[in-house]
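Hi everyone, thanks for coming. I'd like to walk you through a structure today, so have a look at the screen and then we'll go through it piece by piece.

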Amino acid sequence: MSLLVKLADRSSVCLALLGTLGILAMMLHIVLDVVLRATLSVSIPSTLELVTRYYMVTLALLPLAWVEWRKQMIFVESLSGMFGKRLTRWLDALVALVSAGIYLVLVVATWNKAVEQYEIGAYVMSLDFPMPVWPTYFVLPLAFALAALVSLVRVPLIITKNENYDRV
């Protein structure tokens with residue numbers, strides 16, 4: 001079990017760091033494009049397509065497992081204050097299981113769409129250049145699969161009151 005905890009912890013942290021680097025890369029790309037347009041009247045080709053099809057999709061979804069692992073998803077505690085700690089833990093475990101189930105449904109749905117886009121070689125035209133966009137379709141099933149893994153790993157940690165769960 002500790003191997004799964006370490007895997008979930010390390011992969012979610014790596015994805016958060018990758019997201020941070022992606023934000024920096026996107027920021028530099030956009031700033032460079034704006035500066036070049038303002039000073040030299042030259043634009044970096046495909047900036048709009050890269051930002052919307054690559055940067056934004058990747059940056060919005062890759063940190064999903066990290067947010068799930070850190071227990072920073074949005075939740076409502078309207079009734080849980082009336083429950084005891086034991087019942088609250090079991091409800092947390094149930095929510096983690098339901099979340100994992102939803103993530104797995106999203107993995108299957110987005111995987112099928114990603115394969116479909118790969119097979120047709122999806123692209124967008126940018127300045128007479130066919131820019132492939134099919135790779136970004138695979139970000140979604142990857143992000144959802146990692147979030148499902150994190151949710152599943154959290155269930156036994158919640159139930160057994162494991163210190164790895166409480167310290168996160």
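Let me start with a term we'll need: a salt bridge here is a side-chain nitrogen of Lys or Arg within 4 Å of a carboxyl oxygen of Asp or Glu. Please also keep in mind that this is a predicted model. With that definition, how many salt bridges does the structure hold? There are three, and we'll take them in turn.

One of them joins Arg 37 to Asp 33, with 2.9 Å between the closest N and O atoms. These two residues sit four apart in helix H1, so about one helical turn separates them. Are the partners buried or exposed, taking under 20% relative accessible area as buried and over 50% as exposed? Asp 33 is buried, because its relative accessibility is 4%. Arg 37, at 45%, is partly exposed.

Then there's Arg 154 with Glu 68, whose side chains meet in a salt bridge at 2.8 Å, N to O. Arg 154 is in helix H6 and Glu 68 in helix H3, so this pair ties together parts that lie 86 residues apart in sequence. Arg 154 has a relative accessible area of 9%, so it is buried. Glu 68 counts as buried too, with 6% relative accessibility.

The remaining pair is Lys 113 and Glu 116, where the N to O distance is 3.3 Å. They are three residues apart in helix H4, which means about one helical turn between them. Lys 113 is partly exposed at 38% relative accessible area, and Glu 116 is partly exposed at 39%.

Now let's go back to H1 itself. It runs over residues 2-40, which makes 39 residues. At 1.5 Å a residue, counting one less than the number of residues, the helix should span 57 Å, and its end C-alpha atoms are 56 Å apart, so the two values agree. Right after H1 comes Ser 41, which has a positive phi, near 55 degrees.

Which residues of H1 are buried? Among them are Val 5, Ala 8, Leu 15, Ala 16, His 29 and Asp 33. You'll recognise Asp 33 as the salt-bridge partner of Arg 37. Asp 33 also comes up with Thr 47, a residue of helix H2. Leaving out residues up to four places away in sequence, Thr 47 touches His 29 and Asp 33. Thr 47 is itself buried, because its relative accessible area is 11%.

While we're at H2, have a look at Arg 53, which has its place in that helix, residues 47-61. At 31% relative accessibility, Arg 53 counts as partly exposed. Which residues does Arg 53 contact, once its neighbours within four places in sequence are set aside? They are Val 124, Val 133, Thr 136 and Tyr 137.

Moving on along the chain, the loop between H2 and H3 contains Pro 63. Pro 63 is buried, with 18% relative accessible area. Its C-alpha atom is 5.7 Å from that of Leu 15, although the two are 48 residues apart along the chain.

Leu 15 brings us to the inside of the protein. The largest nonpolar core has 11 residues, including Leu 15, Val 5, Ala 8, Leu 62, Trp 69 and Val 139. Which elements give two or more residues to this core? They are H1, helix H3 (64-69) and helix H6 (139-159). H6 gives the most, with five residues. There is also a second, separate core of eight residues, and Leu 61, Val 107, Phe 144 and Ala 148 are among its members.

Finally, let's step outside. On the surface there is a nonpolar patch of about 1000 Å², and its residues include Leu 79, Phe 83, Leu 87, Trp 90, Ile 102 and Ile 159. Which helix gives the most to the patch? That is H4, residues 85-120, with seven residues. Leu 87 is found in H4, and with 41% relative accessibility Leu 87 counts as partly exposed.

That's the tour. Thanks for listening, and I'm happy to go back to any part of it.

Methods
Residues numbered from 1 in each chain as written. Predicted model: local features only at pLDDT ≥ 70, side-chain atom pairs only at ≥ 80, totals over all residues. Heavy atoms only, no water. Buried < 20%, exposed > 50% of the residue type's maximum accessible area, 1.4 Å probe, protein only. Patch = residues over 30% accessible without salt bridge, like charges linked within 9 Å, V, L, I, M, F, W, Y side chains within 5 Å. Areas by Shrake-Rupley, 256 points an atom, 1.4 Å probe, with all protein chains shown as cover. Core = buried A, V, L, I, M, F, W, Y, C linked by side-chain atoms within 4.5 Å. Contact = heavy atoms within 4.5 Å.
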